[in-house]
Amino acid sequence: MQFHHHGYVSGDPRVQPAAGVGIDREDDLPDRVDVLIVGTGPAGMIAAAQLSQFAGINTRIVERRPGRLAIGQADGIQARSVETFQAFGFAERIIAEAYRITQMAFWKPDPQDPSRIVRTARAEDDPSGISEFPHLIVNQARVLDYFAEVMANSPTRMRPDYGLEFRSLRVDDDGEYPVAVTLAHTSGARQGDLRTVHAKYVVGADGARSAVRDSIGCIPQGDKAFHAWGVMDALAVTDFPDIRTKCAIQSGGGGNILLIPREGGYLFRMYVDLGEVPEDDNGKIRNTGIEQIIAQANEILQPYTLDVRNVAWHSVYEVGHRVADRFDDVPPEAVGMRQPRVFITGDACHTHSAKAGQGMNVSMQDGFNIAWKLAHVLEGRSPETLLATYNSERQVIAQNLIDFDKQWSNMMAKRPEDFDSPSELEDFYVKTAEFPAGFMTQYAPSIIVAESNHQHLAPGFPLGKRFKSAPVVRVADGNPVHLGHHHRADGRWRIYAFAAAQGTAALDEWADWLVTAPESPVIAYTPKDSDIDSVFDVKVVYQQDHTQVDLATVPTTFLPRVGPLHLVDYEKVYAAQPGSDIFEERQIDRSGVIVVVRPDQYVGHVVPLTATAELADFFANIFIPQHTTCLSKDHA
């Protein structure tokens, strides 16, 4: 973690100095805001946490509840989400309190006595080592708490405005604040009072029954599976030996359980199969009581018993799979004719079963995706056309999620005798591990993802997929670090220069171009009086051992002077780690490669060191020229 570059810091370095709208922040929701986020679920809170980093952007997030969420329904945290938490600075702390999934056990009817269940297999959760981060289980409420802390410690000192419910909105054709939002107070002395807030943009993160979605005419499309599950977070005494292991349990008498141990050492969650639901049920299955859910669980677990002592939360739901026809307020006939002003995220866009553990995780990536793009536009970095990429990128991902969840939820509901092979369920779990871990997302070519003309130079960094970190050694101090762990959620693009094996001429020429050529993205798009790395965080990785890299010969492009004191940043120069060579692990061409990574950690471009014109053309489609020179152009 870097600090002191603006002067000595004696307190908690996570608390940034208040700046911009964070100075004398208004307690009451103002009449005009840049971005209004509706809903403090995972999608809304990560969007707010990202936008809170931009001191000049007035973002507010409203919630109809009177205060923080106490008990969350979501709990599964895939490794991709933990990578994202690292970007926001709280991965280590949440890992420490969470339950870590390392394996999954499969229980099936005993062939000798089908009335009893027996363990038939164990599957490793991440057999291929897809991420250095673990698969976690932790209460959704704690995830929201961490994002709230990020917001509170940000320059804007953001915090949720509780007790305000969204009622309606209207989008005008013009004006600086074209979205008029009607809100209602839900608690306190002003309960029932209506008020109007005008915003430049609105993000609807208000759940599966989203009123924001309805207000812009988006239509959820999909179907129901007509199958019900009871779910409970419980504390119990049991003789079932795998109560602290994730399990898929299939009984001989019909009915299945998905068991998820929870954080804290005692709590667990059970999804209990309640069977088929008649089409004319009209929601009656949802009245199933907790006693019946517990009884059904005991029936499935035979010969084991479950003595439930306390239920923290329970519910009954029918599996449904729906995706909104669009994720913003631009109807199909107006695409390309006007830019979006209202966006929907999370459950407002896509609903599915809870058993694949995807809801909170995919929702957070929705919020992360739209937030940095809004920041780029509102800060004047990028044209409004950037915002159209939110719908085009995230709707495809949501449909992929629905397709996967249909397969997984259908398999979880099948009777053992209906499988084609005895190991079909565990085989599917292992074969598809990359998807539930969150790493199958791959964005198609667009203005922010280049075509794959040079993909062969770095096959280990697929275009449109998340930047897969790898160990390197920091040259200045010899510390082994993960390269991607310094990719903070600060809205900056990362440009990684992987140096050639022999000689430094190509690297030196590229580095000089980056800080001198008018067409260089650093020169063209870094605002006046800003640090040279305020928009682009440029790093170099050498192939030789770190002891063979002389900092005195490293181009000053990679040793920029930053902050009001113009101090040298030494954390941009790295070398391959012996025994775990990033060039080998990510198949990086040893003649030298540039890898461009977006603010949300997805690879945007791969080019050779010599392709400066191509790199300039890529960024020319994304950024608005600043026509100024940055603070540290003479940073040598």
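Three bridges join strand 4 to strand 7 (residues 135–137), and the two strands run antiparallel. Within this pair, Y99 stands opposite I137 in strand 7. The model described here is a predicted one. Strands 4 and 7 belong to an open sheet of three strands, ordered 3-7-4, with antiparallel pairing. Its edge strands are strand 3 (76–77) and strand 4 (99–101), each of which pairs on one side only. Strands of a sheet pair through backbone hydrogen bonds, in either a parallel or an antiparallel way.

**Domains**

The chain is divided into domain 1 (20–90 + 140–218 + 322–413), domain 2 (99–136 + 224–320) and domain 3 (455–621). Between the C-alpha centres of domain 1 and domain 3 there are 32 Å. The contact takes 17 residues from domain 1 and 15 residues from domain 3.

**Strand 26 and its partners**

How many of the residues of strand 26 (residues 593–597) are buried? Five of the five are buried, so the strand is largely enclosed by the rest of the structure. Its side chains point in two directions: V593, V595 and V597 go one way, I594 and V596 go the other way, and all are buried.

Strand 26 pairs with strand 21 and with strand 27, as the table shows.

| Strand pair | Bridges | Direction | Partner residues |
|---|---|---|---|
| Strand 21 (residues 493–498) and strand 26 | Five bridges | Antiparallel | A497 and I594 |
| Strand 26 and strand 27 (residues 603–608) | Five bridges | Antiparallel | V596 and H605 |

Strand 26 and strand 27 form a hairpin with five residues between the strands. In this hairpin, Q601 takes a positive phi near 80°.

**V573 in strand 25**

V573 lies in strand 25 (residues 573–576). V573 is buried, with a relative accessible area of 0%. Leaving aside residues up to four places away in sequence, V573 touches V473, R474, V475, V540, Y542, L551, V554, F558 and L559. V573 and S154 are 419 residues apart in sequence, and from C-alpha to C-alpha they are 27 Å apart in space.

**Helix 6**

Helix 6 (residues 290–301) has twelve residues, which at 1.5 Å a residue should span 16 Å. The end C-alpha atoms of helix 6 are 17 Å apart, which agrees with the expected span. The buried residues of helix 6 are I290, I293, I294, A297, N298, I300 and L301. Seen down the axis of helix 6, its buried residues fall within an arc of 160°, so they line one face of the helix. The face turned away from the buried side of helix 6 carries the exposed residues E291 and Q292.

**Cysteines**

How many disulfides does the structure hold? It holds zero disulfides. C349 shows the distance argument: the closest cysteine sulfur to its own is that of C218, at 7.8 Å, which is too far for a bond. For comparison with that distance, a disulfide needs a pair of cysteine sulfur atoms within 2.5 Å. C349 is buried, with a relative accessible area of 3%. C247 is also buried, and its relative accessible area is 0%.

How values were computed: Residues numbered from 1 in each chain as written. Predicted model: local features only at pLDDT ≥ 70, side-chain atom pairs only at ≥ 80, totals over all residues. Heavy atoms only, no water. Buried < 20%, exposed > 50% of the residue type's maximum accessible area, 1.4 Å probe, protein only. Helix = DSSP H or I, 4+ residues; strand = E, 2+ residues; numbered from the N terminus. Pairing = 2+ DSSP bridges. Expected span 1.5 Å × (residues − 1). Arc of directions from axis to C-beta. Domains from an automatic or database assignment. Contact = heavy atoms within 4.5 Å.
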